[in-house]
Amino acid sequence: MRTVYLNGDYLPENEAKVSIFDRGFLMADGIYEVTSVLDGKLIDFDGHAKRLQRSMDELDMRSPIAMDDLLEVHRELVRKNEIDEGMIYLQITRGAPDDRDFVFPDPDTTEPTIVLFTQNKPGLANSPMAKKGMKVISIEDQRWARRDIKTVQLLYPSMAKMAAKAQGKDDAWMVEDGAVTEGSSNNAYIVKGNTIITRHLGNEILHGITRAAVLRFAKEAQMKVEERSFTIAEAQDADEAFVTSASTFVMPVVEIDDVAVGEGAPGPVVARLREIYLDEMRKAAI
Ligand code: PDD
């Protein structure tokens with residue numbers, strides 16, 4: 001049984017209970033982060049902690065924990081649960097007032113709820129999908145307009161994933177006004193020659209922590225980076241395609257809406273980016 005963290009306490013997972021009035025439960029009034037663990041160490045903790053703070057600031061949410069203590073909680077959960085490879089999920093909600101109300105509760109009397117738990121995934125960095133590649137469908141992006149905030153409103157991404165599964169595919173790329181925004185839970189990229197193309201930052205996509213690192217490594221490896229919109233047709237015509245996220249790192253995409261990308265198999269640029277990313281991030285892990 002896992003040991004989880006809830007509002008200052010380490011508890012067995014079946015003893016961690018949250019109120020039915022919690023605004024995360026009633027209103028999706030909560031934000032989250034997913035940080036991966038390799039070799040028992042945290043990958044890019046700093047990036048995730050910064051984005052967490054930004055999400056809270058954007059929603060006028062008060063942090064229930066100092067960032068230094070947050071690092072210690074992550075590390076303690078890794079230790080207690082003996083995680084070598086996997087993820088740590090963190091969620092903070094605006095807490096549980098006495099009743100349901102659209103008005104935000106007074107932060108002086110209603111404490112935020114903070115939950116962290118581990119997900120043990122042996123072999124995370126050695127996923128068979130990295131050799132096989134993912135098949136994706138396209139789907140209209142029907143999420144709210146502030147996708148830069150990492151909220152727990154994941155119903156639409158979950159529906160998009162189910163639509164992909166219903167067609168025997170692995171994931172969905174969401175499209176708005178004819179341009180790809182991102183994957184259901186990852187950022188989307190195409191490769192043309194020596195150029196990596198991915199959508200520019202804005203409110204339309206989550207500012208991926210993995211994205212920032214991968215673009216930095218791509219530039220250091222003398223690849224060209226273009227941050228701009230692209231269409232499904234352009235992606236189908238690309239040499240290679242991939243996604244990035246804390247849980248998949250750099251993952252090749254080999255088919256989009258039944259059309260093979262490039263050779264229809266993972267290509268060399270994506271394989272190289274994945275290798276650089278994993279090597280460098282393992283070295284910098286804390
Ligand atoms: N998802 N875009 C969306 C919509 C996401 O949900 C995620 C992450 C990303 C990639 O961000 P990062 O590189 O910081 O993980 C992009 C996490 C992993 C999840 O929901 O499980």
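Thr-210 reaches the ligand through its side chain: an N or O atom there is 2.6 Å from a ligand oxygen atom. Once bound, the ligand has 89% of its 470 Å² of accessible area covered by the protein, the 470 Å² being what the ligand has on its own. Keep in mind, as you look around this site, that the model is predicted.

**Backbone contacts**
- Ile-209 offers a backbone N or O atom that lies 2.8 Å from an oxygen atom of the ligand.
- Ser-185 also takes part through its backbone, with an N or O atom 3.3 Å from a nitrogen atom of the ligand.

**The shell around the ligand**
- There are 19 residues around the ligand, and those that come nearest are Tyr-32, Arg-51, Glu-182, Ile-209 and Thr-210.
- Sorted by class, the shell holds 10 polar, five nonpolar and four charged residues.

**Where the shell comes from**
- Two helices, helix 2 (45-58) and helix 6 (209-220), each give the shell at least two residues.
- Strand 3 (30-38) and strand 13 (240-245) likewise each supply at least two.
- Domain 1 (3-123) and domain 2 (129-284) both take part, each with at least three shell residues.

**The pocket**
- Which pocket does the ligand take up? The ligand's space is the largest pocket.

Conventions. Residues are numbered from 1 along each chain as its sequence is written. This is a predicted model: local features need pLDDT of at least 70, side-chain atom pairs count only at pLDDT 80 or more; totals for chains, interfaces and linings use all residues. Side-chain values use heavy atoms; hydrogens and water are left out. A residue is near a molecule or strand if one of its heavy atoms lies within 4 Å of it. A polar contact is a pair of N or O atoms within 3.5 Å; within protein, one must be able to donate a hydrogen and the other to accept it, and residues adjacent in sequence count only if both atoms are side-chain atoms. Accessible areas come from the Shrake-Rupley method with a 1.4 Å probe; for residues, only the protein chains shown count as cover. On a 1 Å grid over the protein atoms alone, a cavity is a set of points where a 1.4 Å probe fits but cannot get out, and a pocket is an open set with protein on both sides within 12 Å along at least five of seven lines; lining residues have an atom within 4 Å of a point. A molecule sits in a cavity or pocket if more than half of its atoms lie within 2 Å of its grid points. Helices (H or I, at least four residues) and strands (E, at least two) are DSSP runs, numbered from the N terminus. Ala, Val, Leu, Ile, Met, Phe, Trp, Tyr, Cys and Pro count as nonpolar, Asp, Glu, Lys and Arg as charged, and the others, Gly among them, as polar. Domain bounds come from an automatic or database domain assignment.
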